[in-house]
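The exercises below each set a task and then work through a solution step by step. Please keep the sequence and the model in view while reading.

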Amino acid sequence: MTLTKDHLVNSLYTNLEIPKGKASSLVETLLEIIKNRLERKEDVLVSGFGKFSLKDKNDRRGRNPATGEDITLDARRVVIFKCSGVLRDKVNGKSGN
């Protein structure tokens with residue numbers, strides 16, 4: 001199942017008893033902070049969770065799948081996520097953290 005913003009809001013509402021309006025505002029604000037930092041080309045490190053950062057990708061050759069025509073895909077910037085060791089261990093069922 002996919003975790004949505006609505007799930008996050010409901011989790012804050014249920015677990016911390018934060019009113020839904022305030023929980024929604026909190027989630028939106030947190031995501032805006034992350035987006036703004038990435039727009040300024042800054043990494044976002046969340047201890048115990050992971051790091052969001054940007055990676056520049058060069059032009060590359062591609063192919064239009066509908067026509068088979070060769071095309072050039074433009075250079076672009078992508079967001080990458082690297083999980084922390086704590087999260088990696090938790091996902092892999094390792095204890096200790």
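**Exercise 1. Decide whether E17 is buried or exposed, and describe its backbone.**

Solution. E17 counts as exposed because its relative accessible area is 67%, where buried means under 20%, exposed over 50% and partly exposed in between, with a 1.4 Å probe and protein chains only. The model is predicted, so that local features need pLDDT of at least 70 and side-chain atom pairs count only at pLDDT 80 or more, while totals for chains, interfaces and linings use all residues. Residues are numbered from 1 along each chain as its sequence is written, and side-chain values use heavy atoms, with hydrogens and water left out.

As the next step, place the residue: E17 lies in the loop between α1 and α2, helices being DSSP runs of H or I with at least four residues and strands runs of E with at least two, numbered from the N terminus. Finally, the backbone of E17 has a positive phi of about 55 degrees, although E17 is not a glycine. Most residues other than glycine have a negative phi.

**Exercise 2. Find where K41 lies, and state its phi and its exposure.**

Solution. K41 is located in the loop between α2 and β1. Its phi is positive, at about 65 degrees, and K41 is not a glycine either. With a relative accessibility of 56%, K41 counts as exposed.

**Exercise 3. List the residues of the largest nonpolar core, and trace the contacts of I18.**

Solution. The largest nonpolar core has 5 residues, namely V9, L12, I18, A23 and V27; such a core is a set of buried Ala, Val, Leu, Ile, Met, Phe, Trp, Tyr and Cys residues joined through side-chain atoms within 4.5 Å. The elements that contribute two or more residues to this core are α1 (5-16) and α2 (20-39). Once neighbours within four places in sequence are set aside, I18 is in contact (heavy atoms within 4.5 Å) with L12, Y13, A23 and L26.

**Exercise 4. Compare the span of α1 with the expected value.**

Solution. The helix α1 has 12 residues, and from its first C-alpha to its last it reaches 16 Å. The expected span is 1.5 Å times one less than the number of residues, and for α1 the span is close to the 16 Å expected.

**Exercise 5. Establish whether S53 is buried or exposed, and which residues it touches.**

Solution. S53 lies in strand β2, and at 11% relative accessibility S53 counts as buried. Not counting residues up to four places away in sequence, S53 touches L38, D43, V78, V79 and I80.
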